[in-house]
Amino acid sequence: MINFGVQYYRAPFPEDRFWEDDLRRMKDAGLNTVQLWVLWAWVEARPGRFEFGDYDRLVELAGKHGLGVVLSTIAEIQPCWIHREVPGSEMINQYGHTQVSQNRCECHFGITPGGCTDNPGVWERMAAFLAATATRYAKLPNLRGWDCWNETRWNVDADGIVCHCAHTRRAFHAWLEEKYGSLDGLNRAWKRRYGCWDEVLPGKAAAHPYTEMMAFSHFLTVRANRHGAKRFDVIRAIDSQHPVTLHGPCPCSELAWTPTPLDRGNDWAFADHLDGVGCSSFPKWFGVDDADFGLRIDLVKSAARGRKVWLSELQGGRASQGFAVHKPVDALSQQRWVWNGLASGADTILFWCWRDEVFGPESGGYGIIGLDGLAEERLAGMRMTGEVIARNQTLLNGYQPSAVEVGVWFSPQSYYLQHAQNGQTGAVAAAFHGYCRALVRKSIPFVALEEEHLDALDGLQVLFLPRTLVFSPDAEQALAQFVEQGGTLVAESECGAFIPQGIYRYPSERMLARLTGVAEVGRRQLPGEQVAAELDGAPCAMGLAQWVTPLERGRGRVLADHADGALLLEVPVGKGRVVLAGAYLGEAYRAKNTQGFEDFVAWVARTAGVQMEVEIVEPLPTDTAFLYTKHGASQGRRMVYVFFQEQHAQAHLRFKAGFFKSDRLTDLISGQQHALTPGPGGSLELRLLCPTWRFAALVEKG
Ligand SMILES: [Zn+2]
């Protein structure tokens with residue numbers, strides 16, 4: 001079942017006078033699901049007394065109008081009584097300050113950050129609320145699922161890094177003991193001489209020895225992962241039928257702006273335990289273009305590894321923050337986001353939200369039916385998609401994106417290290433997203449590989465390692481084996497220069513130097529803004545960032561050079577090869593698109609033998625526009641999604657021999673039939689005019 005729905009109730013708004021009419025209109029607009037925020041503070045305004053009357057009425061109205069229900073359990077908006085009932089439960093920041101709670105800008109009633117969930121008294125009460133909610137609605141006939149944690153928030157409105165309370169510190173020490181076996185084990189790994197656990201302090205600030213700051217950042221990620229799992233467990237124990245997912249504010253790789261990186265958890269770890277993961281997306285608010293939107297869904301899908309992917313808060317109407325007037329949301333963009341999500345395998349789309357908000361800085365914003373002047377065209381767009389989904393539920397529900405051969409390495413430890421260095425994680429995040437973005441713009445399907453989830457290496461031909469400062473021994477072993485067996489690794493400057501405890505290794509001692517026989521000669525100032533490379537005779541200019549670390553010459557093929565060594569070097573290893581860059585190419589590309597970097601990424605894939613099943617003959621990407629395809633299959637039939645931009649009048653696509661069984665395609669959106677024509681080498685070709693909605697969902701004849 002594809003859930004195509006919208007967030008509605010964030011108690012106490014909208015008021016009940018709107019409910020009946022709004023839910024009827026949602027159904028008329030082609031939506032099939034409504035989401036309700038079940039807020040702990042609101043439901044249990046007095047300790048032990050749960051009041052669900054308003055929710056009972058809303059779920060009944062949803063049933064009456066033929067809408068499914070997704071319940072979002074907002075346990076992080078804690079009751080006003082929490083610190084009275086659980087004395088001393090306040091979080092403590094790194095300066096020892098007790099955190100004063102208040103109501104949050106997105107919630108009219110209830111406090112945040114509230115009590116620390118490492119305090120058993122807080123967690124027991126939170127779990128009781130989750131259990132009461134699950135018990136009340138598990139058997140609801142129109143229940144579609146649970147979003148058990150919204151944007152994985154827990155430290156919002158805290159001042160600095162939390163939590164340093166006694167409970168959390170004990171949990172930190174227990175985690176270290178689990179990891180290192182004992183205090184002696186920790187002392188050996190950290191090269192310290194602690195006499196007892198109390199002496200092992202959590203990291204407080206950047207620009208000190210990296211060790212404890214990295215450890216504490218890592219711990220906070222794990223702590224969030226475990227909290228998500230605990231929420232899931234409470235609901236699962238009561239409801240074994242419906243999916244229980246959660247969603248972050250963004251893919252976790254973008255959690256570089258939080259007090260410590262990934263403090264709201266790691267999507268891969270969540271997907272280990274929950275039924276799925278999702279993320280919020282407000283593309284018009286944050287200026288997210290098609291490439292960045294495409295990659296964020298690909299990242300959530302990568303983490304989900306076959307579990308559910310939810311687009312949990314997709315921008316409904318114009319954003320409002322304070323009195324800023326943000327861009328309106330047009331129907332073409334909005335439906336494109338929906339179909340981009342479906343093309344990546346999402347099965348639930350939930351807009352934020354139906355009606356413009358009425359309280360706080362968000363008032364006057366976000367509603368699908370809101371007053372930015374485009375509500376009618378948005379509703380028409382919803383009806384179009386709603387009808388296509390309703391007609392093709394089975395086909396769309398069975399859709400699975402194609403397998404991929406290209407991977408991008410995601411290293412949270414490198415985030416922790418970068419943050420421990422200067423308190424900012426942007427450079428590592430930019431490098432990672434730079435590679436992903438180039439692949440999206442080249443329509444090269446890819447998967448992101450998280451450093452502790454190595455299964456996805458199977459089947460890959462190429463793995464990019466953007467600004468991977470830290471390697472664990474397990475990762476080193478897996479990557480060395482990957483190359484020996486025929487894979488291509490692409491590494492950047494100082495790859496694996498640090499161990500997970502934050503200690504530096506000399507160039508010749510690093511895994512890639514051992515593997516290739518080539519070491520870096522050391523850090524050098526940037527020789528200019530760009531490096532000129534030659535890739536099989538074709539010139540290629542790429543941007544540079546931070547520094548260069550030239551590579552010893554003598555082995556392999558030099559693709560770009562520097563006075564002190566090679567800047568780009570291709571070295572055969574076993575049945576595979578390593579492409580070493582003594583520079584940060586992805587980060588520079590993230591700051592400024594260069595054709596050269598995209599050509600480099602495509603060259604690596606091509607020379608590694610990656611078979612492009614769908615080739616875009618034209619139009620080729622320009623600085624401002626790129627045609628975008630995604631593909632997969634359902635019920636044994638191939639499906640290809642094509643996303644045009646306004647500059648594009650038509651597309652010429654080529655499909656690998658054997659890709660399709662039929663030479664006829666139907667566009668689910670327009671209903672048009674298309675005939676494929678023979679192309680070179682047994683391939684099939686399609687010339688497609690840009691359709692009205694600027695995207696096509698093509699399925700081959702069954
Ligand atoms: Zn705490």
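1. Cysteine exposure and disulfides. Cys-690 has a relative accessibility of 24% and therefore counts as partly exposed, since the partly exposed class lies between 20% and 50%. Cys-107, with a relative accessibility of 2%, counts as buried. The structure under review is a predicted model, and a search of the whole of it finds zero disulfides. For Cys-107 the reason is distance: the closest cysteine sulfur, that of Cys-105, is 8.2 Å away, too far for a bond. The cut-off that applies to such a pair of sulfur atoms is 2.5 Å.

2. The zinc site. Which protein atoms act as donors to the zinc ion? They are the SG atoms of Cys-116, Cys-163 and Cys-165 together with OG1 of Thr-168, at 2.1 to 2.3 Å from the ion. The angles subtended by the four donor atoms run from 93 to 121°, and the arrangement is therefore tetrahedral; the criterion requires all angles to lie between 85 and 135 degrees. Along the chain, the donors follow the spacing C-x46-C-x1-C-x2-T.

3. What the zinc site connects. Cys-116 belongs to the loop between helix 4 (82-85) and helix 5 (120-137), whereas Thr-168 belongs to helix 6 (residues 166-180); the pair therefore ties together parts that are 52 residues apart in sequence. Cys-116 and Thr-168 are both buried.

4. Helix 5 and Trp-123. Helix 5, which follows the loop holding Cys-116, contains Trp-123. The relative accessibility of Trp-123 is 13%, so this residue counts as buried. Between Trp-123 and Leu-23 the separation is 100 residues in sequence and 34 Å in space, taken C-alpha to C-alpha.

5. The closed barrel. Eight strands form a closed barrel in the order 1-2-3-4-5-6-7-10, and the pairing is parallel. From one strand to the next, the twist averages 30°. As background, strands of a sheet pair through backbone hydrogen bonds, in either a parallel or an antiparallel manner.

6. Strand 1 within the barrel. Is strand 1 (residues 3-10) mostly covered or mostly uncovered? Strand 1 is mostly covered, with eight of its eight residues buried. On one pairing, strand 1 is joined to strand 2 (residues 33-39) by five bridges, and the two run parallel; here Val-6 stands opposite Val-34 of strand 2. Strand 1 also pairs with strand 10 (residues 348-352) in the parallel sense, over four bridges, and Phe-4 stands opposite Ile-349 of strand 10.

7. Strands 3 and 4 of the barrel. Strand 3 (residues 68-74) and strand 4 (residues 143-150) run parallel and are joined by four bridges. In this pairing, Val-69 stands opposite Leu-143 of strand 4.

8. The open sheet. A further group of seven strands forms an open sheet, ordered 13-12-14-15-20-19-18, with mixed pairing. Its edges are strand 13 (446-450) and strand 18 (557-562), each of which pairs on one side only. On average, neighbouring strands of this sheet are turned by 20° against each other, direction ignored. Within the sheet, strand 12 (residues 406-410) and strand 14 (residues 462-465) run parallel and are joined by three bridges. Val-406 stands opposite Val-462 of strand 14.

9. Aromatic pairs. How many aromatic pairs does a search of the whole structure find? The search finds 44. One of these, Phe-50 with Phe-52, is stacked, with 6.4 Å centre to centre and 15° between the planes. The centre distance may be set against the pairing cut-off of 6.5 Å. The two partners fall into separate accessibility classes: Phe-50, at 30% relative accessibility, counts as partly exposed, while Phe-52, at 5%, counts as buried. In the pair of Phe-410 and Tyr-415, the ring centres are 5.4 Å apart and the planes stand at 90°, so this pair is edge-to-face. Phe-410 and Tyr-415 are both buried.

10. An aromatic cluster. Ring pairs also link a set of residues into a cluster: Trp-339, Tyr-399, Phe-626, Tyr-628, Tyr-641, Phe-643 and Phe-695.

How values were computed: Residues are numbered from 1 along each chain as its sequence is written. This is a predicted model: local features need pLDDT of at least 70, side-chain atom pairs count only at pLDDT 80 or more; totals for chains, interfaces and linings use all residues. Side-chain values use heavy atoms; hydrogens and water are left out. Two strands pair if DSSP finds at least two bridges between them. Axes are lines fitted to C-alpha atoms, for helices over the stretch in contact, and angles run from 0 to 180 degrees between N-to-C directions. Buried means under 20% relative accessible area, exposed over 50%, partly exposed in between (1.4 Å probe, protein chains only). Donors are N, O and S atoms within 2.8 Å of the metal (3.2 Å for Na, K and Ca); water is not among the atoms, so sites may look incomplete. Four donors count as tetrahedral if all angles lie between 85 and 135 degrees; four count as square planar and six as octahedral if opposite donors are over 155 degrees apart and all others between 65 and 115; anything else is irregular. Rings of Phe, Tyr and Trp (its six-membered ring) pair if their centres lie within 6.5 Å; planes under 30 degrees apart count as stacked, over 60 as edge-to-face and the rest as tilted.
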